[in-house]
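Colleague: I am new to this structure and would like a close look at one part of it: the cysteines and the side chains packed around them. Could you take me through that part and on to the packing beyond?

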Amino acid sequence: MKTNLSVKERMSIERVKMPEQDPQQRARNFEEVNLGLTEAQAIQEAQRCLNCKSKPCVAGCPVRVRIPEFITAVARGDLPEAARILLADNTLPAVCGRVCPQEEQCEVECVLGKNGKPVAVGYLERFVADWAMENPDKLEVTPLPKSSGKTVAVVGCGPAGITMASELARKGHGVTVFEALHATGGVLRYGIPEFRLPKRIVDAEVERLREMGVTIECNVIIGKTITLPELQEQFDAVFIGNGAGLPMMLGIPGENLKGVYSANEYLTRVNLMAAWREDSATPIMRGKNVAVFGGGNTAMDAVRTGYRLGAERSLIVYRRSEAEMPARVEEIHHAKEEGIEFVLLTSPLEIIGDEGGWVKGIRCQKMELGEPDASGRRRPIAIEGETYEIEVDVVVNAIGTEANPLLTATAPNLELNKWGNIVADEQGATSMDGVFAGGDIVRGGATVILAMGDGKVGAEAIDSYLGRN
Ligand code: FAD
């Protein structure tokens with residue numbers, strides 16, 4: 001294969017298409033939608049990279065993966081070197097290659113995107129990470145440094161906590177991760193469905209933590225089993241990465257009817273407790289017509305899950321238009337291909353029940369768009385007199401989540417903002433000495449890579465704190 005391509009030759013290569021399961025088939029199964037690139041496809045895609053001196057893609061990545069370096073290694077066919085670079089910079093590359101909104105981060109900065117399509121950084125990341133998982137014997141093992149003798153407690157085994165634990169272990173500190181659930185991964189496990197992120201990928205990436213000597217204790221709820229001040233006494237520093245998993249509801253009539261779920265409950269039943277399997281001990285209502293309120297990734301996951309559970313119609317009900325939807329572009333595209341219906345510019349007013357207290361429909365308000373609001377998205381405005389009903393038997397509320405007060409209630413000295421999120425500075429330091437925080441508990445619902453970025457930056461800050469104390 002020719003490796004010394006000219007810029008013109010590189011620019012003439014078409015962006016690779018991700019091989020996918022057929023939309024009609026996959027819409028009824030829980031297997032992964034994207035199938036991954038072949039080695040030949042990955043090498044060809046990597047050859048599109050111009051290896052720019054200014055590396056704008058790296059600046060677009062919150063964990064600062066050395067993107068041109070690992071892609072150049074792929075272009076040469078040197079996969080061990082590509083994996084070495086990627087794994088050194090990113091604790092969860094196989095996860096990020098599947099779920100990061102690359103179109104808003106690394107890929108949006110790609111120079112090729114100015115007049116054409118950006119390099120498929122996410123697809124290449126996934127390719128290299130999967131190759132590394134399948135070829136552990138070909139990877140260079142980096143020895144861990146001598147123990148520093150310092151210990152850190154990490155609360156929550158989601159992307160923020162996992163990244164923090166891995167970065168601290170690489171610096172020689174003793175790390176114990178406390179996780180409330182019986183399984184690791186946070187939203188990666190209980191929120192994002194198997195058809196987007198197989199759980200074997202989460203298992204394999206978390207396993208690397210254990211190999212680094214990190215202790216993971218599941219079924220420990222900080223705030224109930226142990227309090228934050230108690231943790232402070234037992235460890236030299238604490239990092240809080242407990243996410244923002246408390247569902248928000250709309251506050252409309254009918255939310256207590258049977259057949260109404262928060263997206264968290266609905267997805268947790270299916271993903272964590274395997275309710276999609278006929279032999280699962282955890283039940284789930286398999287609706288004929290499922291309505292999901294919201295337009296983010298959570299809403300897309302829930303509506304596609306509803307269809308996979310056998311619904312005849314599975315609907316997104318969203319008060320703005322598609323242009324304002326926060327979900328990843330790929331998820332919206334996949335959902336449409338699978339037959340998901342988008343009921344846009346529509347706001348639910350009421351969930352209607354039958355005499356037995358079961359959901360039988362929703363009453364909706366037609367909306368139009370006005371001027372942009374504080375979020376920069378155009379504000380939805382009700383069109384007077386335009387209401388109508390849709391027949392549904394399951395409703396899933398996916399309008400967002402907020403901070404869970406379980407932990408913070410036991411730590412009166414921890415400063416919170418008006419939404420209950422922990423206040424932390426840019427390095428993750430909180431109002432309590434030696435206590436750091438990051439991820440969704442600080443930002444509100446954000447993204448995997450932003451949570452990981454907080455873990456990485458916070459680890460540097462904790463390392464310097466431990467050096468001083
Ligand atoms: P979490 O992932 O929420 O992890 C926090 C962990 O802390 C959990 O395991 C929780 O059980 C544990 N915990 C909570 N309280 C305690 C306690 N008191 N004691 C001990 N442990 C505790 N982002 C993307 O970038 N791309 C996507 O495609 C995407 N899709 C999403 C789909 C869904 C359904 C959802 C809900 C979110 C999605 N997100 C996506 C957002 C992303 O998953 C989150 O921003 C990210 O997981 C936040 O990471 P975190 O580590 O801060 O928190």
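**Cysteines, cores and rings**

Modeller: Cys218 is partly exposed, because its relative accessibility is 22% and buried means under 20%. Please keep in mind that this is a predicted model.

A disulfide is a covalent bond between the sulfur atoms of two cysteines. The count of disulfides here is 0. For Cys218, the nearest cysteine sulfur belongs to Cys157 and is 6.6 Å away, and Cys218 is in no disulfide. Cys57 is also unpaired, because the closest cysteine sulfur, in Cys49, is 6.4 Å from its own, too far for a bond; the cut-off is 2.5 Å. Cys57 itself is buried, at a relative accessible area of 12%.

Cys57 leads on to the nonpolar packing, since it is touched by Ile67. Ile67 is one of the residues with the most contacts inside the largest nonpolar core, which has 76 residues. Phe70, Ile71, Val74, Leu124 and Ile462 are listed with it. Helix 19 (residues 448–468) gives this core its largest share, 9 residues. Leaving aside residues up to four places away in sequence, Ile67 touches Val58, Cys61, Cys106 and Val121 as well as Cys57. There is also a second, separate core of 30 residues, and among its members are Phe30, Ile284, Met300 and Phe342. In soluble globular proteins, nonpolar side chains tend to be buried together.

Next come the rings. The model has 5 aromatic pairs. One of them joins Phe436 and Tyr465 edge-to-face, with 5.8 Å centre to centre and 75 degrees between the planes. This pair links distant parts of the chain: Phe436 belongs to strand 15 (residues 435–437) and Tyr465 to helix 19, and the two are 29 residues apart. Both partners count as buried: Phe436 has a relative accessible area of 5%, and Tyr465 has a relative accessibility of 9%.

Phe30, already named in the second core, is also in a cluster with Phe195 and Trp276, linked by ring pairs. Phe342, included in that second core too, has the charged end of Lys336 over its ring, 5.7 Å from the ring centre. A similar arrangement involves Arg28, whose charged end sits over the ring of Tyr307, 3.9 Å from its centre.

To return to the cysteines: Cys57 is buried, Cys218 is partly exposed, and the disulfide count is 0.

Definitions and conventions: Residues are numbered from 1 along each chain as its sequence is written. This is a predicted model: local features need pLDDT of at least 70, side-chain atom pairs count only at pLDDT 80 or more; totals for chains, interfaces and linings use all residues. Side-chain values use heavy atoms; hydrogens and water are left out. Buried means under 20% relative accessible area, exposed over 50%, partly exposed in between (1.4 Å probe, protein chains only). A nonpolar core is a set of buried Ala, Val, Leu, Ile, Met, Phe, Trp, Tyr and Cys residues joined through side-chain atoms within 4.5 Å. Helices (H or I, at least four residues) and strands (E, at least two) are DSSP runs, numbered from the N terminus. Contact means heavy atoms within 4.5 Å. Rings of Phe, Tyr and Trp (its six-membered ring) pair if their centres lie within 6.5 Å; planes under 30 degrees apart count as stacked, over 60 as edge-to-face and the rest as tilted. A charge sits over a ring if NZ of Lys or CZ of Arg is within 6 Å of the ring centre and within 35 degrees of the ring normal.
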